Amino acid sequence: MNGAMFAAVLCSGVALWLLVGRDQGLRRARLLLADGAVVEAAGPVWKAPVWAAWRRLRREWLCLPVAVVVAVLGESVLPLIAGAVAVPLVGRRLRRAAEARVRLRRVDAVIALCGAMAGELRAGRQPGQALLAVGRDSGALSGAEAAVLAAARFGGDVPGALRLAAREPGAEGLVGVAACWRVSVDGGAGLAAGLEGLERALRAERDQRADLRAELAGARSTVVILAVLPVMGLLLGTGLGADPLRTLLHSPAGIGCLVVGGALEAAGLVWAGRIVRAGECA
């Protein structure tokens, strides 16, 4: 391994070590500054297991160790550059997946909120009392939970607070709750019946989207398989006794094929991802 390769590997290792150390330092500072509880922080901070630090490490940074391994095997700096470029791209993809999971959980929470409120109203509670009973820590009200509960407790603008909470992704059903609340207050209609109908509508919409995602699972699997095929080709070439990494990383023709193939691979993944997302939004 030449000097440039050794320096690149060393820098990658130092970056990972600093990342974990920074996370531990932030946690230690939060513990020390929380209400002055210095004594409580003394024990567990220094005895934190390595596995806990590893779990706190953001998953997109795992691209760097993989790039280091490929760089060592191929004796080239190009995999390190590719790994550095992949970190923000993979991070954005992981954040989108996390946001999608949060959105789905919030949809379920809104449906549960409608059903629970209808049950409380059928049991004889007033609308404000029912919202206070089921709205706390339900997950449906998100960041506007304090405003909604305060409006329900002190006779404020509950529909306005619900519409504000409905701006969060996945909480759009709260607009229907606000409409039912407004109608029940202004026109005297039954809020419990309206919430039960809204619950059925939201549940049917959620089930329809779940069926659509299940039908698109095959397309997603195909995209993943196509993305892994180049890696399988490299492994197959290595198993046959060839040296595909040296050819790709140390010859002009190989570098050209690598650039063109990588561009086509990225374009194919973006195109396939847009087709799947368009199917989900249809």
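This section describes how helices α4 to α8 of a predicted model pack against one another. Residues are numbered from 1 along each chain as its sequence is written. Local features need pLDDT of at least 70 and side-chain atom pairs pLDDT 80 or more, totals for chains, interfaces and linings use all residues, and side-chain values use heavy atoms, without hydrogens or water.

Helices here are DSSP runs (H or I, at least four residues), numbered from the N terminus. Helix α5 spans residues 78-122. It has 45 residues and reaches 66 Å from first to last C-alpha. That is close to the expected 66 Å, taken as 1.5 Å times one less than the number of residues. Still, α5 carries a kink of about 30 degrees at alanine 86, shortly before proline 88. The bend is the angle between axes fitted to the seven residues ending at a position and the seven starting there. Glycine 124 follows α5, with a positive phi near 110 degrees.

Helix α4 (residues 63-74) packs on α5. Their axes come within 8 Å and cross at roughly 165 degrees. Axes are lines fitted to C-alpha atoms over the stretch in contact, and angles run from 0 to 180 degrees between N-to-C directions. The two helices are therefore roughly antiparallel (an angle over 145 degrees). Their crossing is right-handed, the near helix being turned clockwise from the far one by less than a right angle. Cys63, Leu64, Ala67, Val68, Val70 and Ala71 of α4 make the contact (heavy atoms within 4.5 Å). On α5, the partners are Pro79, Leu80, Gly83, Ala84, Ala86, Val87 and Val90. Ala86 is thus both a contact residue and the site of the kink. By class, the contact has 12 nonpolar residues, 1 polar and no charged. Ala, Val, Leu, Ile, Met, Phe, Trp, Tyr, Cys and Pro count as nonpolar, Asp, Glu, Lys and Arg as charged, and the others, Gly among them, as polar.

Helix α7 (residues 145-154) has two partners described here, α8 and α6. Against helix α8 (residues 158-165), the angle is about 170 degrees and the axes lie 9 Å apart. That makes α7 roughly antiparallel to α8. Ala147, Val148, Ala151 and Ala152 of α7 meet Val158, Ala161, Leu162 and Ala165 of α8. The contact holds 8 nonpolar residues, no polar and no charged.

Helix α6 (residues 127-135) packs on α7 at about 150 degrees, with axes 8 Å apart. This pair is also roughly antiparallel. Its crossing is left-handed. Gly128, Leu131, Leu132 and Gly135 of α6 touch Glu145, Val148, Leu149, Ala152 and Arg153 of α7. The classes are 5 nonpolar, 2 polar and 2 charged.

Methods
Parallel < 35°, antiparallel > 145°, perpendicular 65-115°, else oblique.
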